[in-house]
Amino acid sequence: MTSGNVIRGSRVGSGPERFGERHVPAPRRPVSYWCRNDHRVDVPIAADAAPPTLWDCPRCGLPAGQDPADPPGRARPEPYKTHLAYVKERRTPEQGEALLAEALAALRRRRGGS
Ligand SMILES: [Zn+2]
């Protein structure tokens, strides 16, 4: 007789725990990044991997770097711009000349017309 081994007793949920399949997280180390809005984010980086140079700040979306004193994307030192500087950005010198000529012509017309 070979019966008795055909149907194995089995209950739902009674399976043995499979320790071998448990996920073992790789060792990580926190790497800190700072964006130029002074947001700090600690990113767990795999211990055996080189951390990326930049990390997107999760709070403002700007790129963040590992040097808090020199975050990437810092605005170029333009402490103050005059109104003229802004105008020069918007208009070429040629446009400026044209505008000036137009204004002078209008001025002369007004003066000459009186
Ligand atoms: Zn930020």
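Four donors count as tetrahedral if all angles lie between 85 and 135 degrees, and that criterion is the one to keep in mind while selecting the zinc ion in this predicted model. Around the zinc ion the 4 donor atoms make angles of 107 to 115°, so the site is tetrahedral by that range. For reference, the ideal angle for four tetrahedral donors is 109.5 degrees.

Next, display the side chains that hold the zinc ion: the protein donors are SG of Cys 35, ND1 of His 39, SG of Cys 57 and SG of Cys 60, at distances of 2.1 to 2.3 Å from the metal. Read along the chain, these donors follow the spacing C-x3-H-x17-C-x2-C.

From there, select His 39, which sits in the loop between β1 and β2. His 39 has a relative accessibility of 14% and therefore counts as buried, the cut-off being under 20%. Setting aside neighbours within four places in sequence, the contacts of His 39 are Tyr 33, Trp 34, Cys 57, Arg 59 and Cys 60.

Then move to Cys 35, which is buried with a relative accessible area of 1%, and extend the selection to the largest nonpolar core, whose 8 residues are Val 31, Tyr 33, Cys 35, Val 41, Val 43, Ile 45, Cys 57 and Ala 64. Both β1 (28–34) and β2 (40–46) supply at least two residues of this core, and β2 gives the largest share, with 3 residues.

Finish at Val 41, a member of that core, which, leaving aside neighbours within four places in sequence, is in contact with Val 31, Ser 32, Tyr 33, Trp 55 and Pro 58.

Key:
Residues numbered from 1 in each chain as written. Predicted model: local features only at pLDDT ≥ 70, side-chain atom pairs only at ≥ 80, totals over all residues. Heavy atoms only, no water. Donors = N, O, S within 2.8 Å, 3.2 Å for Na, K, Ca; no water. Tetrahedral: all angles 85-135°; square planar, octahedral: opposite > 155°, others 65-115°. Buried < 20%, exposed > 50% of the residue type's maximum accessible area, 1.4 Å probe, protein only. Core = buried A, V, L, I, M, F, W, Y, C linked by side-chain atoms within 4.5 Å. Helix = DSSP H or I, 4+ residues; strand = E, 2+ residues; numbered from the N terminus. Contact = heavy atoms within 4.5 Å.
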